[in-house]
Amino acid sequence: MKIKCLHLCNYRNIDEVTVNFGENLNVIYGANGQGKTNLLEAVYLLALLSSHRTGKESELIKFTQENCRIEGEFVRKFLPVSSSGNNQLDIKTGAETELREEKLDLSISLQKLPYGKINRELYKDDLPVGKSADFIGNFNAVLFAPEDLLLIKSAPQQRRQFINRILAQSKKIYLYNLQKFNRVLLGRNRLLKELQLLDRFEVLQIYRDLTADLFSENKPINIQEYWQNLLQNSSESENDKKEIIRQKIALLQAIDVKFADLAANIMQDRAELLRDFNEPIRKFQEKLSDGKEKLTVKYVTDGENPQNNALETIKEKLIAKIRQNFSNDLHKGYTSVGPQKDDVEFYLNEKNCRLFASQGQQRTVILSLKLAECDYLRTKTYQTPVLLLDDVLSELDERRKAALCASVADLQVLLTCTDLELLNKNWLHKQNVSYYHVENGKILQAKV
Ligand SMILES: Nc1ncnc2c1ncn2[C@@H]1O[C@H](COP(=O)(O)OP(=O)(O)OP(=O)(O)O)[C@@H](O)[C@H]1O
């Protein structure tokens with residue numbers, strides 16, 4: 001899917017602009033602080049509904065305005081498939097027939113509400129889209145920004161975000177599960193905080209009793225039924241402190257089952273992604289390091305690698321761990337087991353990059369990851385993502401720039417830079433390059 005046209009209204013420092021993009025390389029240049037990143041950020045928003053720079057949607061609306069609009073027109077070209085499943089061929093020449101086009105319009109409207117709240121409306125082909133998970137994944141993009149260069153040494157949350165963004169664009173059910181999981185986790189942590197306010201000794205004692213009862217070996221586990229009975233039987237003595245604790249713990253146990261179910265699915269998807277990711281990252285790193293470096297990625301999660309286990313087994317092991325950790329969780333007031341603690345480790349020639357990779361090696365690793373991300377999305381979604389390169393050329397040496405240029409030849413690329421001199425000669429000699437000059441939020445197609 002390629003972006004054909006972007007229309008922005010009151011977006012950051014941009015009043016109103018329509019940009020028609022070229023199908024190959026689009027170079028967006030201008031001095032610092034003029035609005036180049038804002039443009040890329042808007043395109044990324046149409047793919048993932050999240051900005052790489054802020055979690056606050058209010059920041060996206062122009063300072064002096066109350067609302068903003070981001071509209072994208074996309075097009076996908078494909079070969080028509082005949083009823084036999086083969087691409088249609090010209091009978092005489094055997095050549096493939098003309099490509100067909102599929103069009104897509106996506107738009108996001110944001111409006112400021114009282115108390116700092118934001119009303120967001122999403123549209124696909126002019127029809128409203130209720131859930132963000134139904135919007136994400138229609139158009140895919142891979143962003144490489146200077147902040148990404150910190151990925152290897154930054155906090156685990158950044159690396160989890162990295163895998164979440166890939167999976168969100170390639171597997172719809174993952175995003176549904178992740179959103180549900182985050183809500184369940186929030187509920188569980190809230191309940192732990194409520195339990196902290198009650199008699200700690202009683203809470204632990206009742207938890208032990210209820211859990212022992214619930215998980216006794218001779219009884220099959222039916223938590224839902226157990227929980228319902230418990231709530232029904234306890235209604236007569238609601239004022240009893242112990243009963244309140246029992247009810248809260250029963251609720252916690254029900255939450256834990258849901259938690260383990262969603263967590264197991266998320267962990268299995270992450271393990272699968274990182275397993276499949278090893279091949280493309282190895283390929284790109286080998287290319288970028290002249291065959292000297294072997295890059296591998298490892299999923300770091302609680303306990304065993306979920307990839308080696310069936311979903312039910314992962315779930316059971318998680319429930320057992322959650323039970324073991326209850327006293328710890330109660331003490332801290334948050335959940336210490338689960339995919340919210342996951343991490344990813346990168347290894348160069350079997351040495352942990354976080355500990356041993358030089359600045360230059362880290363840059364190459366990130367570049368390999370971004371190129372692998374494009375490869376992965378293309379394979380899984382049968383859709384080529386748009387590559388957004390935000391001011392990264394100044395961070396790469398000539399060799400890496402040339403390698404990047406060679407690897408993205410068949411992609412639509414939106415690239416920002418302050419100085420056209422930074423473009424490697426390989427980029428400048430590319431055909432079909434479109435240039436856009438950005439100045440003070442105004443974007444004009446330029447002839448260079
Ligand atoms: N909500 C907003 N309303 C108005 N202006 C904004 C808003 N958010 C950011 N800006 C302005 O947008 C400009 C930054 O734009 P952007 O980050 O796209 O710059 P850039 O051209 O990529 O610069 P650089 O080359 O330094 O990265 C700044 O001048 C900033 O003050």
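**Entry 1. A strand pair**

In which sense do strand S4 and strand S5 pair, and over how many bridges? I looked up strand S4 (residues 67–78) and strand S5 (residues 100–112) and found an antiparallel pairing over 12 bridges. Within this pairing I noted Asn-67, which stands opposite Gln-111 in S5.

**Entry 2. Confidence**

I recorded that the model is a predicted one. Its scores are ipTM 0.98 and pTM 0.88. For the protein chain I found an average pLDDT of 88, with 88% of the residues scoring at least 70. I then asked where in the protein chain confidence is lowest and where it is highest. The lowest mean, 59, belongs to helix H6 (residues 223–233), whereas strand S1 (residues 2–11) is highest at 98.

**Entry 3. The antiparallel sheet**

I followed S4 and S5 into their sheet, an open one of six strands with the order S2-S1-S4-S5-S6-S7 and antiparallel pairing. At its edges I found strand S2 (14–20) and strand S7 (127–129), each of which pairs on one side only. Neighbouring strands of this sheet are turned against each other by 20° on average, direction ignored. I also noted that H1 lies across S1, S2, S4 and S5 and runs at about 110° to S1.

**Entry 4. The mixed sheet**

I turned next to an open sheet of six strands with mixed pairing, ordered S8-S12-S13-S3-S14-S15. Which strands form its edges? They are strand S8 (141–144) and strand S15 (442–446), and each pairs on one side only. The twist from one strand to the next averages 20°.

I examined S8 and strand S12 (residues 386–390), which pair in the parallel sense over four bridges. Here Val-142 stands opposite Leu-387 in S12.

I then looked up what packs on this sheet. H1 does so, touching strand S3 (25–29), S8, S12, strand S13 (413–417), strand S14 (433–439) and S15. The direction of H1 makes about 150° with that of S12. Helix H11 (residues 359–381) also packs on the sheet, where it touches S8 and S12. I recorded an angle of about 180° between the direction of H11 and that of S8.

**Entry 5. The two domains**

I consulted the domain assignment of the protein chain, which gives domain 1 as 1–140 + 383–448 and domain 2 as 152–381. How many residues of each domain are in contact with the other? I found 17 residues of domain 1 in contact with 18 residues of domain 2.

On the side of domain 1 that touches domain 2, H1 and helix H12 (398–407) each supply at least two residues. H12 gives the most to that side, namely four residues. By character, the residues of this side of domain 1 divide into 10 nonpolar, five polar and two charged.

**Entry 6. The ligand**

Lastly I looked up the surroundings of the ligand and found 17 residues there. Which of them are closest? I listed Asn-13, Asn-32, Lys-36, Thr-37 and Asn-38. Helix H1 (residues 36–48) contributes the largest share of the shell, with three residues. I noted that the shell divides into three nonpolar, nine polar and five charged residues.

**Entry 7. A helix to revisit**

I marked H1 for a second look. Helix H1 lies across S1, S2, S4 and S5, packs on the sheet that includes S8 and S12, and supplies at least two residues of the side of domain 1 that touches domain 2. H1 also gives three residues to the shell around the ligand.

Terms used:
Residues are numbered from 1 along each chain as its sequence is written. This is a predicted model: local features need pLDDT of at least 70, side-chain atom pairs count only at pLDDT 80 or more; totals for chains, interfaces and linings use all residues. A residue is near a molecule or strand if its C-beta atom, placed from the backbone, lies within 6 Å of it. Ala, Val, Leu, Ile, Met, Phe, Trp, Tyr, Cys and Pro count as nonpolar, Asp, Glu, Lys and Arg as charged, and the others, Gly among them, as polar. pLDDT is the predictor's confidence in each residue, from 0 to 100. Domain bounds come from an automatic or database domain assignment. Two residues are in contact if their C-beta atoms, placed from the backbone, lie within 7 Å. Two strands pair if DSSP finds at least two bridges between them. Axes are lines fitted to C-alpha atoms, for helices over the stretch in contact, and angles run from 0 to 180 degrees between N-to-C directions.
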